[in-house]
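This briefing goes through one model by topic. Please keep the sequence and the 3D view open while reading.

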Amino acid sequence: MDLSCSIIHSLPIGSERYNFNARHGTPVRSQQTYVEVCIIASVNLNSTDTEVTFPKHQHIELFYPSIPTIGSNFFRQLGEVTLNLELRKGNLSELLFGESKLNHLKIGDTGLSRFEVVDEYDSNLQTLIIHERLITVLPTRVNLLRELRSLDLSGCSLTIVDLSQLNGLNLLNALVLADNQLSSVEDGGVGVNLPALNKFDVQQNELSRIDRFPEMFPALKFTRIMQNRWDCEWVSEVRDKIWRKNITVLGTDFRCGRRINNGGLCCTYAHPFRARLAIAKAMLSVLDELSATSTGDGTATQSIDPLITFKVYENETVDGVIGVETQNVGIYLQNPIGVVLLVVIPCSLAIIKRTIECSRVQRNSTCFIEGVSFHTPTEEYFTAFPTSPHIIIESSEILHFSGQLFDALAETAFLTLKGSLIPTVTFRSDELHCLRIDNTGLREFAVTPFENRNLNTLIINGNPLSAIPSTVRYLTGLSILDLSNNQLEHVKLDWFQTMENLLVLDLSGNRITRLDIPPSLRFGRLKNFWVNHNLLRHVPFFPNFAPALRRVRLVENRWSCEWVAQVRQAIWTASIEVYGAEYVCPDKLDGGLCCYEDYLYHGTDIEVEHEARRTYLVDRIEVEQFPRAERMLARDENREERQHMILKHSFDVLEQKYRRLVEQKEQLEQRFVNTVRELERTVKRLTAELTEAQDTIRAQNLKIVLR
């Protein structure tokens, strides 16, 4: 097979082949250098024994290759002039590297799951870059690549790395393990020997500590270790070592939520008892300074009762209680390392509101709220959200976003709930114009039965929502209704008939098998109608129910061929634009839509409300009720077809159950992550409050001394 360049493009030299700059963390480029790259698109090789002739170019890129396995024979056939090879996107599951003269090899987004150096030889490879999510371990025998200077495995799925497997790479200058799932970096019990390692990058992982860091790398000058789950005690130890060895730390953690920011690294205590003890000691120091200034000039100290009584009950088996008592108020922190429970007992018994604060605010006044948690109705009643026109709540756990929480939104017109655990939402608001619920695990959505003309946009995406309530008809002001990428199975469009201004209706990406549309239904202003990626066989009275329709998406359904043939003419007559088309179908392709001959459609039966027959459901399978003689005849003629449909339906049911289990697992994992984040934010807030109190007391002491 003779390969030729699909295109020769002038591209800048990859950043990994420049010297690393400590200040900016970017390549040093005194001048931009470009090289001619031969891009070969869509190479298809099914056998490693296929003889291939490559074009004679120094830089070659295989774009969207389909090569299940690449072996040594493949690299042997590369011409000696070729020094740089990149494999980008496509289909590649296994790569056996050997007998190559390459200097640089880069692999990304190809589906590669295994990389192995097959034998020891005089390798010239200096740069190896692998960005593949299916790679879970270090490349096998990578230490045989003796000339390797840079090894970049960022964007993979490594969980545990044994650095002793790299022993022998005496020229290795940079090791990048960022954006993986690392929980442990080990030395294999035999030590690490990387004498030339200058840069070590493990940012964005799950690490809590790295033993013998940084002394295991004698030549280390630069490191990037942010965005991990560091243990605070380890961070304190390592900071001193980094300072003494004059190592430059690239990048810092700016926002730690409720975790502690220790020298630019977010961290938590590995043992909750130690964290509680540290908080207690800090509060005791505040008490000492406060007591020293409580009597003014320091006289008659013994005769005056202290204004503040500080109590600490602490041991390793019982959750600690830290309390501060004044003459009028008692405040107790139950388990301060966990979720904080504030019990405030003022003499006046006045109710104190819990004010939620913005985690950050953008220039357009958008307020981001993170890590909010509500578990009881009492917490909801005493909550006040910040005054902001646009609020985005993310990474939170709210089991029921109730009407009380909507009432707590002051002057908010746009509300977004995303990336959280919010399984139930009950909408009640006369102020909101837009409500968006993205990936919150929403299973139940309700609307209070009162007409609402203010909400004009409702978007619910990426949730396990399987049904919408009939009370959605009270949202009469909607112009955009997006219910895409959920798990809806049946929708009654007459529930939307009250929405006179509805312009966009998006039901795509669900599991809808039936749309109920009465003959009299009309959406006078509907312009866009998306029902792609569902399980529909037909849409009754389409497109007559939307006389103003201009755009529609229908692909990826189970359309009846008879219905498709009927609708194509109606779409053409109404000048409706059809977005998307299908090209490969298991049964039949009709005008860009896949359809199925065995799915019968009788338009007259549907339009006359099934006068000639009755339809009922048995285990969610549609069964037709004919007169007895006709039913027996139909059974004989269609027995095999019905058996096939029943088996297919059973497969669909099992698939849906499996998906639900996967989604429940994701929901539990999200809840666990939110709980951990809440714990981290608790420690952070307490630490900040204690630091502020210490600064205040010190300032007061300084004023007293100056007097």
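**Briefing**

Strand E42 (residues 551-553) runs parallel to E44, and three bridges join the two. The model is a predicted one. The points below cover its open sheet, a hairpin towards the end of the numbering, its disulfides and its aromatic rings.

**The eleven-stranded sheet**

- E42 and E44 belong to an open sheet of eleven strands with mixed pairing, in the order E25-E26-E29-E32-E34-E36-E37-E39-E41-E42-E44.
- The edges of this sheet are strand E25 (360-361) and strand E44 (577-579), each of which pairs on one side only.
- Strands of a sheet are held by backbone hydrogen bonds, in either a parallel or an antiparallel sense.
- Between E42 and E44, Val552 has Val578 of E44 as its bridge partner.
- Strand E34 (residues 434-438) is mostly covered, with four of its five residues buried.
- One neighbour of E34 is strand E32 (residues 414-418), which runs parallel to E34 and is joined to E34 by five bridges.
- Leu415 has Leu435 in E34 as its bridge partner.
- Strand E36 (residues 457-461) also runs parallel to E34, again with five bridges.
- Ile437 stands opposite Ile460 in E36.
- Cys434 counts as buried, because its relative accessibility is 16% and the cut-off for buried is under 20%.

**Strand E46 and its partners**

- Strand E46 (residues 593-596) has Leu593 and Cys595 pointing one way and Cys594 and Tyr596 pointing the other way, and all of these are buried.
- In a regular strand, side chains alternate between the two faces of the sheet.
- Strand E43 (residues 559-560) pairs with E46 in the parallel sense over two bridges.
- Trp559 has Cys595 in E46 as its bridge partner.
- Strand E45 (residues 588-590) pairs with E46 in the antiparallel sense over three bridges.
- Lys588 also has Cys595 in E46 as its bridge partner.
- E45 and E46 form a hairpin with two residues between the strands, and Gly591 in this hairpin takes a positive phi near 60°.

**Disulfides**

- The structure has five disulfides, and three of them are described here: Cys358 with Cys367, Cys561 with Cys595, and Cys585 with Cys594.
- A disulfide is a covalent bond between the sulfur atoms of two cysteines.
- The sulfur atoms of Cys358 and Cys367 are 2.0 Å apart, and the link is left-handed, with -115° about the S-S bond.
- Cys358 is partly exposed, with a relative accessible area of 28%, whereas Cys367 counts as buried at 1% relative accessibility.
- Cys561 and Cys595 are joined with an S to S distance of 2.1 Å, and their link is right-handed, with 90° about the S-S bond.
- Cys561 lies in helix H6 (residues 561-573) and Cys595 in strand E46, so this disulfide ties together parts that are 34 residues apart in sequence.
- Both ends of this link count as buried: Cys561 at 5% relative accessibility and Cys595 at 0%.
- Cys585 and Cys594 form a disulfide with an S to S distance of 1.8 Å.
- The torsion about the S-S bond of Cys585 and Cys594 is about -80°, so this disulfide is left-handed.
- Cys594 counts as buried, at 3% relative accessibility.

**Aromatic rings and charges**

- The count of aromatic pairs comes to 20.
- One of them is Phe401 with Phe406, an edge-to-face pair at 4.9 Å centre to centre with 70° between the planes.
- Phe401 and Phe406 are both buried.
- Ring pairs also link Phe523, Phe529, Phe542, Phe545, Trp559 and Trp563 into a cluster; Trp559 is the residue whose bridge partner in E46 is Cys595.
- Arg360 lies over the face of Phe368, at 4.0 Å from the ring centre.
- The charged end of Arg553 sits over the ring of Trp530, 5.1 Å from the ring centre.

Definitions and conventions:
Residues are numbered from 1 along each chain as its sequence is written. This is a predicted model: local features need pLDDT of at least 70, side-chain atom pairs count only at pLDDT 80 or more; totals for chains, interfaces and linings use all residues. Side-chain values use heavy atoms; hydrogens and water are left out. Rings of Phe, Tyr and Trp (its six-membered ring) pair if their centres lie within 6.5 Å; planes under 30 degrees apart count as stacked, over 60 as edge-to-face and the rest as tilted. Buried means under 20% relative accessible area, exposed over 50%, partly exposed in between (1.4 Å probe, protein chains only). A charge sits over a ring if NZ of Lys or CZ of Arg is within 6 Å of the ring centre and within 35 degrees of the ring normal. Two strands pair if DSSP finds at least two bridges between them. A disulfide is a pair of cysteine sulfur atoms within 2.5 Å.
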